[in-house]
Amino acid sequence: MNIAIYTLTSQLHDEQAVNAVTREFLDSLEVEHDLRGADYADYGTHPLDLIYVRTGGTEGIFKRLLPELLAKSDRPFYLLTSGKSNSLAASMEILSFLRQEGHKGEIIHGSSAYIRHHIQMLEKAGEARHLLKGCRLGIIGQPSDWLISSHADREAVRRMLGIELIDISMQELLDEIAVTPQKEVAEQAPTEAIRRSLPDADRIYRALKGLVTRYRLQGFTIRCFDLLTTVHNTGCLALAKLNAEGIVAGCEGDVPALLTMMIAQKVVGVSGFQANPARIDPETGEMVFAHCTIPFNMVERYELDTHYESGIGVGIRGYMKEGPVTVFKVSGDLSRCFIEEGELIRNQAEADLCRTQQIIRLDDPAKASYFLTAPIGNHHIILPGHHREVLEQLLSI
């Protein structure tokens, strides 16, 4: 059960009457839950724990209970109230006390529809946080030299997300590629040069998959431009396939982008399109994002081309369905994030940009100024659909 509901009740109130109100209130929410009552023994073990303040006069009970709860969980306290029996007033006093003590929390109160939606968002965020804990992410070859701001605070990542970052040398990947046998690839290629590049692009894919298994990784980022000079090919095809298989795979050794993609995958179910803005219109909020790979499970169709900057290997031109999108990025120390919703207006295929190109218009054009005044690196992650609310909930946790 993802949602556990614990209760706070004053002994001054009639138990039978309170139980009747409880049944009526919880039934009106129409959310599947496990009512744990006043037994807090397993508090903090569920993706979402709610404290239902059933009556007034419970402030002292909560204060005495607080040390036990803090020992079990470091998450915010979610105080559910029906608005009856002075439960809202008690919840306000409890939340005020929590803030005085330096703890996070909020009161969940309103119409049944509002509470139901808010709980569903909290549950989704809590489930994603639960899934992130214990993940192992590889950094293959370290960040590219030009990513001078795109590093991570490993301790903050471990403490706040429960993610461990694993260093893997580029040489280990090259050694893995060298011992990976070449196979024929049943893939249509538009040119003879791309057709000849496909078997080695596939070797990179299978070598990366070998490292994922060896190091028990849920994802990685790779210093992919090193492949251009060492094996004369690219990782674009490999990353497109691995992301589609559920292994989060990022470009250029960009660790904050990798963290953003990992969070996205646990919330949305896809890793997202790692891309950098190529053009921005700060007046309209319209911008072009481009990169040479995109997860195959995010596109309606794709074409093979060469890698843009080098003109060699295999790049991906993917066409994502037009419609709502979210632009997302977290900083390497998780102290900042950018989450804005918009629309994918169209895909394009200009010759002088990375192969996958998306024209996106932000819902709030003023937010485009962020990219010109305070960006979190150059790469940002494009997600299909609008997901700001649940992402903000997750990061607030």
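**Fold elements, cores and selected residues of the predicted model**

E252 is buried, with a relative accessible area of 8%; here buried denotes under 20% relative accessible area, exposed over 50%, and partly exposed the range in between, for a 1.4 Å probe and protein chains only. The structure is a predicted model, in which local features require pLDDT of at least 70 and side-chain atom pairs pLDDT 80 or more, whereas totals for chains, interfaces and linings use all residues. Residues are numbered from 1 along each chain as its sequence is written, and side-chain values rest on heavy atoms, with hydrogens and water left out.

E252 occupies the loop between β9 and α10, where helices (H or I, at least four residues) and strands (E, at least two) are DSSP runs numbered from the N terminus. The phi angle of E252 is positive, near 65°, although the residue is not a glycine. A positive phi also occurs at E30, again a residue other than glycine, with a value of about 55°. E30 belongs to the loop between α1 (15-29) and β2 (34-37). In contrast to the buried E252, E30 is exposed, its relative accessible area being 61%. Most residues other than glycine have a negative phi.

Strand β1 (residues 3-8) is mostly covered, with six of its six residues buried. I3, I5 and T7 point to one side of β1, while A4, Y6 and L8 point to the other, and all are buried. β1 runs parallel to β3, to which six bridges join it; strands are taken to pair if DSSP finds at least two bridges between them. Three bridges link β1 to β2, also in parallel. Y6 takes part on both sides: its bridge partner in β3 is I51, and in β2 it is G37.

T58 lies in the loop between β3 (48-53) and α2 (59-72). It is buried, with a relative accessible area of 0%. A polar atom of the T58 side chain lies 3.1 Å from the backbone oxygen of T55. Beyond its neighbours within four places in sequence, T58 is in contact (heavy atoms within 4.5 Å) with L8, T9, S10, V53, A90 and I94. One of these, L8, is among the buried residues of β1.

A separate open sheet is formed by four strands in the order β7-β6-β8-β9, with parallel pairing. Its edge strands, β7 (164-168) and β9 (248-250), each pair on one side only. From one strand to the next, the twist averages 20°; axes are lines fitted to C-alpha atoms, for helices over the stretch in contact, and angles run from 0 to 180 degrees between N-to-C directions. β6 and β7 run parallel and are joined by five bridges, with I139 standing opposite D167 in β7. Two helices lie across strands of this sheet. Helix α9 (residues 236-244) lies across β8 (219-222) and β9, at about 155° to β9. Helix α10 lies across β6, β7, β8 and β9, likewise running at about 155° to β9.

The largest nonpolar core comprises 30 residues, and those with the most contacts inside it are I163, L259 and I263; such a core is a set of buried Ala, Val, Leu, Ile, Met, Phe, Trp, Tyr and Cys residues joined through side-chain atoms within 4.5 Å. Two or more residues each are given to this core by α4 (112-132), β6 (136-140), α5 (154-161), α10 (255-268), β14 (323-330), β17 (380-384) and α12 (388-396). The greatest contribution is that of α10, with nine residues. Apart from this core lies another, of 29 residues, including V270, A275, I294 and Y370. Residues up to four places away in sequence being excluded, L259 touches L137, A152, V157, I163, L165, V330 and G332.

Helix α4 also contains Y114, which is partly exposed, with a relative accessible area of 44%. Y114 and V325 are separated by 211 residues in sequence and by 24 Å in space, C-alpha to C-alpha.

A search of the whole structure finds zero disulfides, a disulfide being a pair of cysteine sulfur atoms within 2.5 Å. For C236, which is in no disulfide, the nearest cysteine sulfur is that of C292, 5.2 Å away. C236 is buried, its relative accessible area being 9%. C251 is likewise in no disulfide, and the sulfur of C224, the nearest cysteine sulfur, is 5.1 Å away. C251 is also buried, with a relative accessible area of 7%.

Notes. A polar contact is a pair of N or O atoms within 3.5 Å; within protein, one must be able to donate a hydrogen and the other to accept it, and residues adjacent in sequence count only if both atoms are side-chain atoms.
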